[in-house]
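Take a look at the model below. The text then walks through it, from overall form to a single ring pair.

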Amino acid sequence: MSAAKDTRDDGPRIMPFPVALHYEMPAAPAITRYGEALIDGRIIGQRCTGDCGLVYVPPRDYCPIDVIELTAADDVELGDHGTIVNFTVVTPVQYPGQEETEPFARVSIALDGPGGMLQLQDVLDTPVSEVRVGMRVAAVWRPEGERNLDELAAGGWSSTGGGIEGWMPTGEPDLDVSRLAGKGF
Amino acid sequence: MVDVAIVGYGQVPSVRCTEITETQMVLDVTQQALRMAGVDRHDIGFTVSGSCDYLAGQAFAFVQTIEAIGAWPPISESHVEMDGAWAMYEGWTRLQEGDVDLVLVYCHGRSSPGTPWQVWPLQLDPYHLAPLGLDPWSLAALQARALLDAGVASERDFAEVVARNRANAVDNEYAQVSGKFDVDALLAEPYVRNPLRRHDLPPISDGAAAVVLASRDRAAALAERPVWITGIDHRIDIHQPGMRDLTRSESTTRAAQAAGLADRPVQVAELSAPFSPQEVILRDALALDGSVEINPSGGALAANPVMVTGLVRVVEAARQVRERGRDRVLAHATAGQALQQNLVCILEGP
Amino acid sequence: MPAPLVKIDLEFPYTRSVGPVIGAYLDGLQERRLLASRAGDRTLSPPLEYDPATGAAVEPELVEVGPEGVITSWTWVAEPNPNHPLDRPFAFALIRLDGADTAMVHVVDGPESALATGARVRPRWRDERTGYVTDIECFEVTT
């Protein structure tokens, strides 16, 4: 019995090895409080009581800069208007599970009010070419009865899915974001 | 050789399912260890952690836990996809270079979120074993039966291991499963994987642990009773279960030899035996006689936070030296299935 | 509100190249042949590319072993999970095929009372075989 050739005309011999894994875990208290507020039409963050004084959104119940525990008492209500401080335009690669086909933008938004920065947000009804740093945006909330935590609980990248559909330009003049440096992490 | 000691440690009670994040658990245990050591996180020269993304259900999951140790300004940090005991081995190795004298080691693991029968076979040979969905209970049972067939142990021996460990765990605030159990009552329980019964299997646990290592002069300055690591080594056996003698743990014996176990007897041994028959194998591999106290913590049958179990054995062994005045103790950690890979370290008081 | 449940579903369409030794083994399974590799005077089943004890490369030619073998250890799975090869109670076993010096892991059909260390078994092949270790549906105890 001779050994099979390692390669065939169409490349190396391949054996499929499909893997499917399911995980479930209760959301931590910080995310639970954040999710409750999201259903209620509010964005809450958490202010560090240590030296950095930064506002984190969503809350984590600790500060990664000062390395101290934070609690619900440190939660703060945040604005749902803000300024785009960074963005990237993603050209989608067609991998298994990919749903996007056209380039799309994901933006970081510095929220008005006490602070807080939301990452990887969607800008609605706006050509990718118009997305820019300094643009003023406002949250577009899902109708109250339609909000749910399924997307938040899916462990994906969005921290506002199921509550906020995305963000719309307000038409206000662009903001000079150099004023916002050091307000986020 | 640079002398290295454990000068601080921390752990959290192992639970069936924690309500907080792994990062929060890491914050807790690392703060405990740093406080005990009397050092600030800014004094740490190198940090190394152990965990497994497949347990957490997210690629690079371990990166988030760096938030718990303060990675700003940037720190020197490493990670192993292994039990924290191996992270400690890397930390010990780092100290041998002599340019840093304080290392923080931490580990975390949640077995509760995943579906065990999906996750565990992925640890095995992808061609010959994983496609069969060979699960850890079944593999441990094949090992147990080999022990019975060889006449090396009996089912009663397995039950006695369970009873002793669970009884020891009663006094351990960090243990998850404990209690006084009658051996005959245990033997009356049905098999889950003949010859293993439910109590012969480890609990599903979430947990975390941390240690602070210091080298020579720093250790002596920091701790009244530093816990010196006088020997540490790890070895690995053949992966294929049908190609090695499952009734013996040659890699444990060799690791112990290299760690200098034979130099002087140990008083206590904390062994990572998640399945009761494995404690029989390890006692034999380490030639531990009746004078050695085994698993005063309750061992891995009382709590098995995978990726943490081994470092918890180190912490519990260190407690024996620092808190209970023991002179020379052994801690053992295992990785892979059916005791494939084993780490032994010897800890001594001043 | 109680803590919402975070649910994550991961699917990886992994594929693995097999090389000349595993490739020949899987070809053999598809042809209802059980193959092993030779290292020195040892016959390794299942075939590995290197002798795990010495690190020596195995001979390029595989040899046929079995089809029958003997159980060297076993356990009964009363409640199979969805990843197991059979959906009825079965045994996992270490089986040393005739002619091999080592044992392979596979499954043995019941009843549980027929399982014993030392029992002789033979493979039951699937009708549709794709070059996978489960081309053997299971082993069965010979009378």
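**Surface, fold and a ring pair**

Start at the surface of chain A. About 9400 Å² of chain A is exposed, and 52% of that area comes from carbon and sulfur atoms. Keep in mind that this is a predicted model. Of the 185 residues in chain A, 45% count as buried.

Next, the fold. Chain A contains 2 helices and 13 strands. Its radius of gyration is 21 Å, whereas the globule rule gives 16 Å for 185 residues; the value is well over the rule, so chain A is more spread out than a compact globule. Along the principal axes, the C-alpha atoms of chain A fill a box of roughly 75 × 40 × 40 Å.

Now the contacts. Count those in chain A with a separation of 6 or more. Residues 24 or more positions apart account for 60% of them.

Then charge. Chain A carries 29 negative side chains and 14 positive ones. The centres of these two sets lie 4 Å apart.

Last, the aromatic rings. Over all chains, the structure holds 3 aromatic pairs. One of them joins C:Phe12 and C:Tyr14. Their ring centres are 5.1 Å apart, with 20° between the planes. The pair counts as stacked because planes under 30 degrees apart are classed that way.

Are these two residues buried or exposed? C:Phe12 is partly exposed, at a relative accessible area of 27%. C:Tyr14 has a value of 32% and is partly exposed too. Both labels follow because partly exposed covers the range between the buried limit of 20% and the exposed limit of 50%.

Terms used. Residues numbered from 1 in each chain as written. Chains lettered and ligands numbered in written order. Predicted model: local features only at pLDDT ≥ 70, side-chain atom pairs only at ≥ 80, totals over all residues. Heavy atoms only, no water. Helix = DSSP H or I, 4+ residues; strand = E, 2+ residues; numbered from the N terminus. Rg over C-alpha atoms; globule rule 2.2 N^0.38 Å. Buried < 20%, exposed > 50% of the residue type's maximum accessible area, 1.4 Å probe, protein only. Contact = heavy atoms within 4.5 Å. Areas by Shrake-Rupley, 256 points an atom, 1.4 Å probe, with all protein chains shown as cover. Lys, Arg positive; Asp, Glu negative; His and termini not counted. Charge placed at Lys NZ, Arg CZ, Asp CG, Glu CD. Phe/Tyr/Trp six-rings, centres within 6.5 Å; stacked < 30°, edge-to-face > 60°.
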